[in-house]
Amino acid sequence: MITEVQENKITDYLIAQQLSLDILVEIRDHMISQISDLQRNENIGFEEAFLKIKASWNGEFKLVNYLLFYPTTIPLIAKRIIQEKYAGLFRKSLMIGLLALGINLLLIFITKNQEDYNLFFKLLNGSFLLGSVLILVCNYKIWKYLRADFKYKGKSLYTMYQQNIGLLVVCASSMMQVTMKNGNYAYQFFREHHHSEVFLTLVTLILPFILQTALVFAALNFIEHKKNLVKMQEFLKPV
């Protein structure tokens, strides 16, 4: 039976490994289970079992680079978990981005004229912008947990998603610029066969797709951040 004092000792050890709190909680539960099993199977005390389990986990806490999302080194196990989680979010984001690109192309061919297409172009991109703004507004209660440097006990980030919260604001700002533009070049290329501006046509199609995908990823990242905060009530004040 693991006591509260012993649980706190395990928690302090994992905090020292530079894990974000959501990953820490997941690993801590597994580590507590391993220590309890070892105590029972080998009839040893907590300290001895804890030392053995720490030795078995030692390689997982080796610091590695993950420059795509983290400016500093992070534990190897954290990188593995983050890569797996982010891969799932990116797949969902890419599917939605591709769907929006397909709708954009469809609008080019079904609208009656360029003015109508420009209106639908703004509405399509504006819907992504509006969605991101609503997510931020409706979750105002957790704004205090959005700072990239906000740490539990000044030592550990609250969630693995916290580092990328700023993406939502950056992507929303960029999407605002796109929403103010028109899709003239794409419409003229496909409907009026003006093929002299191939580069600008590609920009008109690809830039919104990239921003839509990035904005969906940022929004999903925000939602996962909120969900993980809710799971960690024992460490948090009510959110």
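Modeller: Let's start with Asn 43, which is exposed, with a relative accessible area of 71%. Keep in mind that this is a predicted model.

Biologist: Happy to. Where is Asn 43 found, and what is the sign of its phi?

Modeller: Asn 43 sits in the loop between α2 and α3 (46-57). Its phi is positive, about 55 degrees, although Asn 43 is not a glycine.

Biologist: Which residue in the loop between α1 (4-15) and α2 (21-42) should I look at next?

Modeller: Try Gln 18, which belongs to that loop. Phi of Gln 18 is near 65 degrees, a positive value in a residue other than glycine. Gln 18 is partly exposed, with a relative accessible area of 47%.

Biologist: Now to helix packing. What do I need in order to describe two packed helices?

Modeller: Two things: the angle between the axes and the distance between them. Here, take helix α7 (residues 184-191) and helix α8 (residues 198-231), whose axes come within 7 Å and cross at roughly 115 degrees. The crossing of α7 past α8 is left-handed.

Biologist: Which residues make that contact?

Modeller: On the α7 side they are Tyr 185, Ala 186, Phe 189 and Phe 190, and α8 brings Val 198, Leu 200, Thr 201, Thr 204 and Leu 205. Sorted by character, the residues of this contact are seven nonpolar, two polar and no charged.

Biologist: And how should I read a pair of aromatic rings?

Modeller: Again with two values, the distance of the centres and the angle of the planes. The count for this model comes to eleven aromatic pairs. In one of them, the rings of Tyr 86 and Tyr 161 have centres 6.1 Å apart and planes at 50 degrees, so the pair is tilted.

Biologist: Where do Tyr 86 and Tyr 161 lie in the chain?

Modeller: Tyr 86 is in helix α4 (residues 76-110), while Tyr 161 is in the loop between β4 (156-157) and α6 (166-179). The pair links distant parts of the chain, 75 residues apart. Both Tyr 86 and Tyr 161 are buried.

Biologist: Tyr 86 also pairs with Phe 217, I see. Why is that pair called edge-to-face?

Modeller: The ring centres of Tyr 86 and Phe 217 are 5.8 Å apart and the planes stand at 80 degrees, so the pair is edge-to-face; the cut-off for that class is over 60. Since Tyr 86 lies in helix α4 and Phe 217 in helix α8, the pair ties together parts that are 131 residues apart in sequence.

Biologist: Are these two residues buried or exposed?

Modeller: Tyr 86 is buried, with a relative accessible area of 3%. Phe 217 is buried too, at 8%.

Biologist: Which residues do ring pairs link into a cluster?

Modeller: The cluster consists of Tyr 13, Phe 46, Phe 50, Trp 57 and Phe 61. Have a look at Lys 54 as well: its charged end sits over the ring of Tyr 13, 5.1 Å from the ring centre. The charged end of Lys 54 also sits over the ring of Phe 50, 4.7 Å from that ring's centre.

Biologist: One last stop. How exposed is Met 180, and where is it found?

Modeller: Met 180 is in the loop between α6 and α7, and at 56% relative accessibility Met 180 counts as exposed. The C-alpha atoms of Met 180 and Leu 202 are separated by 18 Å, with their positions 22 residues apart along the chain.

How values were computed:
Residues are numbered from 1 along each chain as its sequence is written. This is a predicted model: local features need pLDDT of at least 70, side-chain atom pairs count only at pLDDT 80 or more; totals for chains, interfaces and linings use all residues. Side-chain values use heavy atoms; hydrogens and water are left out. Axes are lines fitted to C-alpha atoms, for helices over the stretch in contact, and angles run from 0 to 180 degrees between N-to-C directions. Helices (H or I, at least four residues) and strands (E, at least two) are DSSP runs, numbered from the N terminus. A crossing is left-handed if the near helix is turned anticlockwise from the far one by less than a right angle, and right-handed if clockwise. Contact means heavy atoms within 4.5 Å. Ala, Val, Leu, Ile, Met, Phe, Trp, Tyr, Cys and Pro count as nonpolar, Asp, Glu, Lys and Arg as charged, and the others, Gly among them, as polar. Rings of Phe, Tyr and Trp (its six-membered ring) pair if their centres lie within 6.5 Å; planes under 30 degrees apart count as stacked, over 60 as edge-to-face and the rest as tilted. Buried means under 20% relative accessible area, exposed over 50%, partly exposed in between (1.4 Å probe, protein chains only). A charge sits over a ring if NZ of Lys or CZ of Arg is within 6 Å of the ring centre and within 35 degrees of the ring normal.
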